[in-house]
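Okay, everyone, thanks for coming. I'd like to walk you through a new model today, so let me put it up on the screen.

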Amino acid sequence: MDVGLFAQYVMNGLMLGMMYALVAVGFTLFFGVLDIINFSHGDVLTVGAFTGLATYLGLSKIGITWAPAQVVIVLLVATTCMAALGAVIARYLVLPLKAAPALNTLLLTLMLGTVLHEAIRLFYPLGANPQRFPPLLPTTAYSFGNFTLRVDSVMLLLAGLAVIVGIHLVINKTKLGLAIRAVAQDEETAKTMGINFTLIVLVTFAIGSGLAAFAGILHGLYYSEINFAMGLLLGVIGFSSAIVGGLGNIYGAIIGGFLFAALQTIGVLAMPFASAYKDVFAFGVIILIMAWRPTGLISEKISERV
Amino acid sequence: MSKARAVFAVLLPGIGSAVAVTVYVILLLAVESQAAIAALLVAGVIVVLAAARFGGMARIGRSFAERENAMNLVIVLAVLAVTGFFYEDHFVLLLMATVIIYVIACLGLNLQFGYAGTLNFAGAAFFGVGCYTAAVLTKHTAMPHLLILVAGGVMAAVIGSLLILPVLRTRSHYSAVVTIAFALLFKIFLEVNDTLGGPQGLPVDGMNVLGWEFNDNIEIGEDFEVAFYVNYIVVGLIVLALAFTFVRRLERSWVGLNLDALRLDETAAACFGLNITRWKITAFTLGNFLTGVAGALYAMMLGFIAPTNFTFGDSLILVSIILLGGIGNPWGLVVATTILIILPEKLQVIQEYRFLLFGAMVILILLFRPEGLLPRPLRTYLPGWQPK
Amino acid sequence: MTAIRFRHVAVFAAALALGLSSAAVDAKPKVKVGFIGPLSGGTSSNGIGGRNSADLAVRLRNADAKAKYEYELIVLDDECKPNIGVLAATKLGANKDVIAAATHYCSAVAITTVDVYHKFGLPIIVWGAVLPDITYGNNYKEVHRVNGTMINQNETAAKFMTGLGYKTWAIIHDTTDYGKGHNKYFSKFVTENGGKILGTFGVTSDQQDFSAELTKIKSLNPQVIYFGGLTPIGVRIRAQMEKLGLKAQLEGTSGIVSDTFLKGSGPLAEGVLAFREGAPTEKLPGGKFFLEQYNKQGYSDPPEAYGAFAFTAMTLILDTIEAVGPDRKKVRDALNNVRGANAADSITGKVDFDDNGQNTIAVITKYVAQDGKWTVWEDSEYAKGLRKLKGM
Amino acid sequence: MTGAADGLLVSRDLSKRFGGLVAVDSLDMAVRPQEILGLIGPNGSGKTTFFNVVTGIYPTSGGVVEFDGKDITDFSPQAVYRAGIARTFQRSRLSLSLSVFDNVMVGNHMRLDQGLWFNLVARKDFKRQFEENFERARDLVKVFDPPLADRMFEAVGTFPMIDRRRIEICRALISRPKLLLLDEPSAGMTHDETKELMDDLLEIKGRLEDLTIIIIEHEMGVIERITDTCVVLNFGQKICEGPYQEVAEDKLVQEAYLGIQ
């Protein structure tokens with residue numbers, strides 16, 4: 001296969017992987033602090049994307065048409081709104097179930113996801129149709145043989161990287177991050193250390209959901225199209241990535257995300273006759289990995305008190 | 001004589017409620033005007049709440065607990081009564097048959113989730129395996145259709161066994177993701193796989209037992225005909241009765257005890273010799289079998305199946321039914337399924353909003369009544385048995 | 001088996017006739033007619049357009065004092081999903097008060113529901129689905145269709161494109177019968193006309209990311225990408241072509257001739273080609289009248305490409321009922337008789353059913369997206385050479 | 001000190017490491033048949049870990065466990081139970097949503113017919129077996145607390161701590177094990193309750209004379225009252241062994257306790 005084409009595949013894979021990783025990080029953060037799966041995450045992403053779109057439309061209405069400004073505002077509004085939503089979800093839906101079996105929370109958030117994207121389908125104007133997402137980034141493209149590199153794709157990729165690095169720094173270099181890690185390590189001890197547990201949980205959910213919104217915008221800008229159902233698959237893939245990486249481990253999540261994208265791309269290359277099977281292939285491999293490493297590649301430490 | 005009277009006294013509340021519910025359901029299914037339906041629903045809720053408030057529920061519960069077989073019979077008769085009333089209304093009968101079939105499927109999930117505690121998010125997928133098995137077998141083989149029901153179950157169990165290893169090795173969240181991944185994998189596979197009809201789906205022959213065509217309306221005399229769905233309601237009821245008895249006896253045996261024990265505390269269970277693996281596999285396989293049988297029957301009734309029948313969303317609905325009904329309580333399933341299937345069909349206004357509403361409802365239940373509408377009672381190994 | 005079913009139909013049809021003749025005493029007896037289309041999901045815009053148009057036909061008829069009956073339109077949603085469609089069809093068919101119906105925009109649904117209509121003896125007229133087998137794959141007397149099939153559509157498309165001088169194609173089609181059908185017929189005609197197909201890709205109808213397929217197509221470097229599928233993935237494919245810098249010309253089918261495609265793709269829609277059977281609404285004999293009436297009713301959504309056909313189908317049903325009375329069997333036979341000398345006039349021109357109940361109008365319109373509108377090729381700046389198509 | 005040979009449960013050079021932490025450190029000890037051995041030592045001295053290693057919940061990091069003359073090192077929990085060792089847990093691990101009878105029957109697993117046919121179809125035979133075992137369970141519970149025996153079909157969650165402890169011990173004893181491992185039975189109970197429970201325990205011990213018990217306990221009163229001999233652990237090592245009085249005198253032991261507490 002010629003270099004340009006290969007480069008193209010790598011680029012596609014990286015783009016996908018970036019989105020998956022962003023989603024996966026959210027899942028893993030939630031699990032870290034509360035040992036729960038927030039399955040509404042994928043649909044929070046969708047809501048984020050639509051919030052972004054709505055903001056854009058609003059801006060154009062009031063005559064703000066300078067693209068850079070639009071991008072910034074869209075991102076700000078979407079992320080803050082979703083951060084708020086995340087905190088609300090944590091406060092009123094997830095924390096109340098803290099004592100209940102883990103699967104109840106899983107189920108609750110699954111249903112919450114349904115509620116979210118159904119709400120979009122029903123209440124967003126023509127929400128059932130695919131919505132066009134405006135190209136807010138420069139679309140100039142450079143071609144090297146079969147490899148077309150678009151400025152916006154590069155910007156998206158870099159932005160994604162920046163965010164992931166940012167998260168890494170927040171978790172490892174700030175007091176907040178310290179608190180989050182403390183809670184993740186052992187809630188009781190963290191409390192005795194005078195950490196406000198509830199607050200940390202809310203903040204973590206805010207961060208994670210903000211990430212989702214960011215990923216949603218990324219998705220919109222990259223595919224120039226969003227729809228109410230986009231969250232489900234993204235969510236499940238992000239979740240699988242987090243699981244494969246090993247829940248509660250940010251690096252695991254990132255690796256998982258890119259791994260999954262790689263699997264899909266390889267699926268296409270390996271089975272040119274049936275590129276449609278790429279997801280079957282990807283999920284199949286996930287199941288196998290689960291059978292092989294029941295707690296993920298970078299295993300989460302299970303300490304069972306007896 | 002006096003004994004008979006005593007028995008009757010015990011039975012009265014049960015039978016009374018059964019009759020009331022039957023009449024209510026007939027009304028609900030018969031009226032068309034949305035306002036009337038809404039009114040009926042409100043009334044129903046109020047009556048139930050009142051009954052619960054003034055201990056009526058307890059009495060009814062007693063009838064079921066002490067005269068179980070009698071009450072089961074009453075229920076079956078009630079269903080037949082409703083069927084008879086709507087003998088020529090295809091759509092109502094389709095709804096009823098659907099409810100019956102879904103209950104069978106949910107009994108399977110209940111074995112897995114309610115007893116063994118393995119949450120299976122691929123319920124619709126295993127249901128689908130049953131459907132597709134039926135589709136293929138009716139088309140390409142001469143296998144007797146009653147056997148095809150069994151085959152559907154076996155197939156589901158077999159395909160389920162592919163997941164056994166990962167499900168066994170993983171714990172709660174992790175095994176949940178295994179089933180979720182499978183649910184999606186299954187649907188995508190159906191969509192891209194042409195030999196099984198792809199997204200277009202497959203036609204399925206109607207059931208035919210000893211030359212009796214299930215998918216033809218039944219003609220009696222000149223211009224009196226009964227909708228063909230009655231056939232499926234009858235078969236459905238028979239299968240359901242078997243499945244119900246099966247699940248009930250399982251729960252009321254040492255096996256049921258084992259499943260509860262390992263669900264509630266694997267480590268402790270292991271320390272008392274329970275073979276965790278064996279019982280998890282048993283529950284998972286038997287559960288999938290039931291779900292598959294239901295699927296096969298459903299496919300033959302519908303006459304056409306497509307991947308969109310078996311989405312992740314559908315699996316979620318199955319799980320919601322279990323939860324709404326009261327985890328581990330077969331009767332709860334019956335009630336929950338009836339509500340979740342009939343309500344959106346009758347209350348057209350909510351039809352479009354049904355997923356939204358189901359979602360919201362489950363969330364509320366989880367927050368405020370996690371034990372469900374009919375909480376599971378303690379195990380009674382031998383109904384009516386009293387220690388000497 | 002068929003025979004048995006027929007007897008049933010006869011029986012309850014007769015019973016029905018009795019019931020109604022007794023009811024017919026009072027002034028204007030109610031008669032129910034049905035409509036089924038995709039009212040939710042990606043193709044809902046077409047479904048809603050069709051629904052409004054059928055509704056318009058009913059309203060006009062009810063406003064007409066000379067009409068014998070008062071009509072009620074029962075509307076059901078098939079979500080463009082075969083299994084949902086079967087349920088909807090059963091619901092209509094089982095409801096004996098429904099005399100006839102205009103049904104289905106999605107071929108994948110229509111092809112699966114015809115059996116149901118036959119089973120219940122409910123006469124229907126397809127108003128949008130283009131798969132040939134819907135009428136030609138069976139000999140059901142209940143099934144009719146006012147719009148053309150994809151055969152004529154793809155023949156014209158292939159001739160036209162090769163005529164423009166295009167030589168190489170890559171085909172993307174969704175894997176429903178609709179997409180497969182388009183793939184089959186277009187491949188056939190395009191190769192007959194000397195075109196070359198470099199690659200064919202089946203995609204699922206809810207696929208999100210096409211970069212893999214498109215990247216492979218890019219390496220094949222065709223002049224034209226032919227897309228046999230519906231609006232939602234059409235939008236995605238157009239957008240992702242741009243991302244990957246594909247310079248090829250996009251050629252669609254009737255499935256993307258919708259305002260939603262134009263809205264969804266924005267400026268990227270410019271220059272996309274598509275083909276549809278039947279003349280554009282405003283160019284139809286009764287098109288002007290139809291649009292006037294439609295706007296007068298103040299529906300919130302446009303009639304879309306197939307609205308006129310839905311209107312025609314429903315009007316034809318109402319005329320027939322007026323003529324032979326509300327009786328499924330009679331209506332069915334009357335519809336089968338709409339041919340040759342008895343061909344009906346309609347806003348879409350003559351309706352002339354062949355033995356399979358297929359309307360034999362073969363006019364196909366070529367469209368090009370120009371300035372956010374589906375413009376008829378002949379009047380477009382592209383035809384005049386003021387703008388250039390891609391891939392040449 | 002006793003040669004390991006005549007012990008019912010014998011551990012030789014038994015070790016358990018978690019990463020860097022050594023929870024049990026090359027421990028040699030032997031329990032004589034029919035004695036009650038007290039296993040004491042400050043928190044985190046490896047007592048519970050020892051139980052978990054013996055019962056097969058944790059794999060050993062080294063050394064051997066012998067029971068009744070045969071090597072049971074790294075047996076699965078199931079196998080250990082079948083060999084005749086039953087235990088209770090520090091945090092009571094009953095199934096609160098199940099009835100008293102259910103909980104006791106879990107412990108009786110070994111004696112119950114697990115065949116599907118038997119359970120689902122042969123309901124007559126099942127009835128017989130059920131009634132036998134109900135009698136056995138009720139008699140056992142009676143020994144601890146007669147009133148409790150009349151409430152066999154109530155959810156365990158509704159009972160106070162002391163009853164739960166009783167039920168948990170019944171669950172362990174119903175299968176007639178040779179060795180009973182009690183992990184802090186007094187935890188979460190008042191002084192009087194503890195005393196009551198110990199009376200029950202001694203009564204049982206009287207009835208099942210071939211029963212051997214290892215008890216982990218912080219309440220020295222309890223230890224002094226019921227144990228024949230004690231083993232003191234600190235940092236996973238045995239620092240002292242012998243009858244309570246001797247042990248209580250021991251320098252190391254006192255340091256160990258004072259050192260920590």
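So, chain D: of its 261 residues, 43% count as buried. Keep in mind, please, that this is a predicted model. What is chain D built from? Its secondary structure comes to eleven helices and ten strands. Its radius of gyration is 19 Å, and the globule rule gives 18 Å for 261 residues; those values are close, so chain D is as compact as a globular protein of that length. If you lay the C-alpha trace of chain D along its principal axes, you get spans of about 60 × 40 × 35 Å. And if you take the contacts in chain D with a separation of 6 or more, 68% of them are between residues 24 or more positions apart.

Okay, on to chain A. Here we have eleven helices and four strands. Is there a reason to call chain A compact, and which numbers say why? The radius of gyration is 19 Å and the globule rule also gives 19 Å for 306 residues, so chain A is as compact as a globular protein of that length. Its C-alpha trace spans about 60 × 50 × 40 Å along the principal axes. As for burial, 57% of the 306 residues of chain A count as buried. Contacts again: with a separation of 6 or more, 75% of those in chain A come from residues 24 or more positions apart.

Now, how do the chains meet? There are five pairs of chains that touch, and the pair with the most contacts is A and B. Chains C and D, on the other hand, don't touch, and their nearest C-alpha atoms sit 38 Å apart.

Let's stay with the A and B pair. How many residues does each chain put into that contact? Chain A brings 40 residues and chain B brings 36. On the chain A side, the elements giving two or more residues are α4 (102-123), α9 (230-245) and α11 (278-292). Which of them gives the most? That's α4(A), with 14 residues. And what kind of residues are on that side of chain A, the one touching chain B? They divide into 32 nonpolar, five polar and three charged.

So if you go back to the picture on your own, look at α4(A) first, since I've just said that α4(A) gives the most to the side of chain A touching chain B. That's it from me, thanks!

Definitions and conventions. Residues are numbered from 1 along each chain as its sequence is written. Chains are lettered from A and ligands numbered from 1 in the order in which they are written. This is a predicted model: local features need pLDDT of at least 70, side-chain atom pairs count only at pLDDT 80 or more; totals for chains, interfaces and linings use all residues. Two residues are in contact if their C-beta atoms, placed from the backbone, lie within 7 Å. Ala, Val, Leu, Ile, Met, Phe, Trp, Tyr, Cys and Pro count as nonpolar, Asp, Glu, Lys and Arg as charged, and the others, Gly among them, as polar. The radius of gyration is taken over C-alpha atoms; the globule rule is 2.2 Å times the number of residues to the power 0.38. A residue is buried if 20 or more other C-beta atoms lie within 10 Å of its own, exposed if 12 or fewer, and partly exposed in between; C-beta atoms are placed from the backbone.
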